[in-house]
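Here's a walk through one model, with the cut-offs spelled out as they come up. Have the viewer ready and follow along.

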Amino acid sequence: MKVAIVGASGAVGQEFLRVLDERNFPIDELILFGSQRSAGRKYTFRGKEIEVKLLQHNDDFKGVDVAFTSAGGGTSKEFAETITKHGAIMIDNSSAFRMDEDVPLVVPECNAADALCRPRNIIANPNCTTIMMVVALQALENISHIKRVHVSSYQAASGAGAAAMAELYEQYRQVLAGEKPTVEKFAYQLAFNVIPQIDVFTDNGYTKEEMKMYNETKKIMHTDCAVSAMCVRVPSLRCHSESVWAETEEPVSVEQFQEAIRNGKGLQLEDNPAEKSYPMPLFHENCDDVFVGRVRKDLANPNGITFWLVSDQIKKGAALNAVQIAEYLIEQGELPLKK
């Protein structure tokens, strides 16, 4: 298997290296690509030092079976044809192709088989907040069809990349030292603050991040479920959290949903209020699963249930989900490509 990572020096690119290694993903040759800024850097993978190549419009992807891309939507759009022209399957972590009709948008716990139909040889990795939510929603959907969802997200600095994580560290240091904090990666100081805006606002008053959750959920789950989201940046470093209110066609008990979480793919139940046991971002960094707790009946709706979830945004929300897509393609005999 010949594998490529585009955007190898970024936070998600580095996570790809860790995830591929820890899951023992079958790789005979690994090629790393980056921008002018990162080309020439060297990273060690399974004891071998690999130098980052400059991403160019050439034949560097000839012979590549699968390319994991996480270098931003503009780069994905510009280089998609270059990456796929020799047959490589491109699993893209940007928002560039997510809503294109001829590009599957895949979360393996929900719709793995969609990855088998890829007319352009591109598979889109959903937004991190959507991935986390639909893994839990799928367990509920299996009990009773979900009619509507209200969700508030509490998103860590990691969602804005490695530089944003570094800025949060620096802001805390500066504030505690009595210095004026550096503000570059966010609209406002994030340390000791929350910012009720992620991405730009659209004409309807929702941000692009919030509209991603609305649109992507429908596509992934093949559902008419309506999603209304409020996405907030919080001063945690890594792992996003979400409060979810879901209305189902038939009433679902707390016990039913808890059992579905226990038995669900990619899920762990952490729900014991008497022992103050519930998911928190501090304790779930580098974990694979989506952790669910605070499961309750919605007091305002007899068909409603509400819960809290936490998952590692860089791992399950990005790199791990993409690698799981590739693993599914291996299971189905789609990878490695038949040369």
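Let's start with Tyr172, which is partly exposed at a relative accessible area of 25%. The scale here calls a residue buried under 20% relative accessible area, exposed over 50% and partly exposed in between, with a 1.4 Å probe and protein chains only. Before going further: this is a predicted model, where local features need pLDDT of at least 70, side-chain atom pairs count only at pLDDT 80 or more, and totals for chains, interfaces and linings use all residues. Residues are numbered from 1 along each chain as its sequence is written, and side-chain values use heavy atoms, with hydrogens and water left out.

**Aromatic pairs**

A pair of aromatic rings is described by the distance of the centres and the angle of the planes. Rings of Phe, Tyr and Trp (its six-membered ring) pair if their centres lie within 6.5 Å; planes under 30 degrees apart count as stacked, over 60 as edge-to-face and the rest as tilted. That rule gives six aromatic pairs. In one of them, Tyr172 and Phe192 have ring centres 4.8 Å apart and planes at 75°, so the pair is edge-to-face. Tyr172 sits in helix H5 and Phe192 in the loop between H5 and helix H6 (208-221), so the pair ties together parts that are 20 residues apart in sequence. Phe192 itself counts as exposed, at 54% relative accessibility. Elsewhere, ring pairs link Phe16, Phe25 and Phe68 into a cluster.

**Helix H5**

Helices (H or I, at least four residues) and strands (E, at least two) are DSSP runs, numbered from the N terminus. H5 covers residues 162-176, 15 residues in total, and reaches 22 Å from its first C-alpha to its last, close to the 21 Å expected at 1.5 Å a residue. That expected span is 1.5 Å times one less than the number of residues. Buried residues in H5 are Ala164, Met165, Glu167, Leu168, Gln171 and Gln174. After H5 comes Gly178, with a positive phi near 75°.

**The six-stranded sheet**

Two strands pair if DSSP finds at least two bridges between them. An open sheet of six strands follows the order S5-S2-S1-S6-S7-S8, with parallel pairing. Strand S5 (53-54) and strand S8 (122-124) are at the edges with a single partner strand each, so one side of each is left without a neighbour in the sheet. Three bridges connect S7 (residues 89-92) to S8, and Met90 has Ile122 as its bridge partner in S8.

Two helices pack on this sheet, where contact means heavy atoms within 4.5 Å. Their axes are lines fitted to C-alpha atoms, for helices over the stretch in contact, and angles run from 0 to 180 degrees between N-to-C directions. Helix H1 (residues 11-22) touches strand S1 (2-6), strand S2 (29-34) and strand S6 (66-69), and its direction makes about 150° with that of S1. Helix H2 (residues 73-84) touches S1, S6, S7 and S8, and makes about 155° with S7.

What about S6? Val66 and Phe68 point one way from S6, Ala67 and Thr69 the other way, and all are buried. Four bridges join S1 to S6, with Ile5 opposite Phe68. Four bridges also join S6 to S7, and Val66 faces Ile89 there. The chain goes from S6 through H2 to S7 in a right-handed β-α-β crossover; right-handed means that, with the strands pointing away from the viewer, the path from the first strand over the helix to the second runs clockwise.

**Strands S12 to S14**

Here are the pairings around S13.

| Pair | Bridges | Direction | Residues opposite |
|---|---|---|---|
| S12 (residues 267-269) and S13 (residues 290-297) | three bridges | parallel | Leu269 and Val292 |
| S13 and S14 (residues 304-311) | five bridges | antiparallel | Gly293 and Trp308 |

S13 and S14 make a hairpin with six residues between them.

**Backbone oddities and Tyr328**

Arg294, in strand S13, has a positive phi of about 55° although it is not a glycine. His222, in the loop between H6 and strand S10 (226-233), also has a positive phi, near 50°. A cis peptide bond joins Leu335 and Pro336, with omega about -5°, and Pro336 is in the segment after H8.

Is Tyr328, in helix H8 (residues 315-331), buried or exposed? Tyr328 counts as buried, at 16% relative accessibility. Leaving aside neighbours within four places in sequence, Tyr328 is in contact with Ala112, Ala113 and Leu116.
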